[in-house]
Amino acid sequence: MVLVFLALVLISGAVHVNVMLPLNTVNLDGSLNKNLNLGDKFQQLHEGGVHGVMVDVWWGIAEREGPKQYDFHGYLDLMSLASQYGLKVQAVMSFHRCGGNVGDDCNIPLPGWVVRTGGEIWYKDREGHQDQEYLSLGVDNEALFVGRTPIQMYRDFMQAFRDTVSARGYLVSTLEEVQVGLGPCGELRYPSYQLDRWSFPGVGEFQCYDARMLRMMAAAANASGHPDWTGPPGDAGTYNSRPDDTNFFRNNGGGWNTEYGRFFLGWYSQALVDHGRNVLKQARTVFGGAFPIAAKVAGIHWWFLSTSHAAELTAGYYETRMRSGYKPILQMFKEYGVILDFTCFEMADQEQPSSADCGPFELVGQTLDEARAVGIGYASENALPRYDDTAYSTILYNARRILKISGFTYLRLTADLLSGANWSRFRGFVSKMAAL
Ligand SMILES: *[C@@H]1O[C@H](CO)[C@@H](O)[C@H](O)[C@H]1NC(C)=O
Ligand SMILES: *[C@@H]1O[C@H](CO)[C@@H](O)[C@H](O)[C@H]1NC(C)=O
């Protein structure tokens, strides 16, 4: 194991800017996508002062042939190309499906042999719809997948990636960080706002109706002396409800703030924290004590300024006006030396519709504050593609607002970004970040 690494990168003065690569950087057959002409683009990024690139290492591509039949060759070619242009690589262990979320312009399901396992392996909503983006945490420790559990599959995948990179010594210094996917979109969350059923700013739905999660909940209820709490709340509306349309989420006197509501939300959010811990523990063992590992938390800014924070609750963050839903996650990250990667850095409250109580500014502020208090690294991204100076100013402001962030990954590399005035504005932004 030769992944040796310089933690110094994280504390040096400039805030590095990386660029997220297209979702189809590696083809479904595992080869590097030559149509993207990445060599020319990397040359331009390098000249523009960009530090590195982020790439999804898709589970559905790299282990597509069968259990433990790993094929990382397209990713190795990519890393080798990046190193030729002096760019570093943030590799994302993407254990989720690509397709069906904001900005997804391609479709990469989980490996076919995983999908074919069938049964209750996915998150399920109250209507019984199963979401095939990411395996339910209910099966985390069930050896259903040709003899392995999901936690073992994630560990084996990360280990194989590590060994493959280590075997090419010259790539070790190119791999600067591994980001560990923990849910849909790579984020530690439930798939509570699936785009084919939800539209902004609906509250979303709880996703704990698969048989195992229902049993977990009933056991927890019974253990807390309430065998009568037999299931998740039935009065939480549907994907596109507004908080005050539902008994559970309504701001005044809603079910969320009853003894049962607090039990349920505590259980639902803790199950997510435990899932994150189980995966990150493996990641830390695989990559060794000092290697930078990051993980993503979703930026759910709609209804943030309301009392019940409905959309965060369905996503698994037990955040209300009375308590923080992020601190327990950040404390868990701290146990494994994991950097928080948080989004929404380009968003201003006044850019959002006023009817949805959006608070990206306050949400980003809270997470920065808590990361500082807990003592973990904080890296960030923009949530939606933007090419304008207003967005860049907001990012620059947030980047040194409460703590200085450890890096910024710009979403995403497109032809628009690299052309004309868009490119000169971006270059200006990169140099201002370097001077922070
Ligand atoms: C419920 O809790 C009681 C008391 O702790 C225990 O005896 C019983 O076995 C539990 N039942 C289930 C189904 O877990
Ligand atoms: C800059 O980006 C905008 C927004 O995507 C796009 O409409 C425009 O064509 C781009 N400009 C150039 C020169 O590509």
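**Figure 1. Surroundings of ligand 2 in the predicted model.** Four residues are named around ligand 2: Y387, D416, S419 and N422 (a residue is near a molecule if one of its heavy atoms lies within 4 Å of it). By class, this shell has 1 nonpolar, 2 polar and 1 charged residues (Ala, Val, Leu, Ile, Met, Phe, Trp, Tyr, Cys and Pro are nonpolar; Asp, Glu, Lys and Arg are charged; the others, Gly among them, are polar). This is a predicted model: local features need pLDDT of at least 70, side-chain atom pairs count only at pLDDT 80 or more, and totals for chains, interfaces and linings use all residues. Residues are numbered from 1 along each chain as its sequence is written, chains are lettered from A and ligands numbered from 1 in the order written, and side-chain values use heavy atoms, without hydrogens and water.

**Figure 2. D416 and N422 at ligand 2.** A side-chain N or O atom of D416 is 2.9 Å from an oxygen atom of ligand 2. For N422, a polar side-chain atom lies 2.3 Å from a ligand 2 oxygen. The protein buries 47% of the 360 Å² that ligand 2 exposes when taken alone (Shrake-Rupley method, 1.4 Å probe).

**Figure 3. Lining of the second largest cavity.** The structure holds 2 cavities of 30 Å³ or more (on a 1 Å grid over the protein atoms alone, a cavity is a set of points where a 1.4 Å probe fits but cannot get out; lining residues have an atom within 4 Å of a point). The second largest has about 60 Å³ of space. Its lining is R126, G204, E205, F206, Y209, P233, A236 and G237. By class, that is 4 nonpolar, 2 polar and 2 charged residues.

Technical notes: A polar contact is a pair of N or O atoms within 3.5 Å; within protein, one must be able to donate a hydrogen and the other to accept it, and residues adjacent in sequence count only if both atoms are side-chain atoms. On a 1 Å grid over the protein atoms alone, a cavity is a set of points where a 1.4 Å probe fits but cannot get out, and a pocket is an open set with protein on both sides within 12 Å along at least five of seven lines; lining residues have an atom within 4 Å of a point. Grid points are joined across faces, edges and corners, and a volume is the space filled by probe spheres set on the points.
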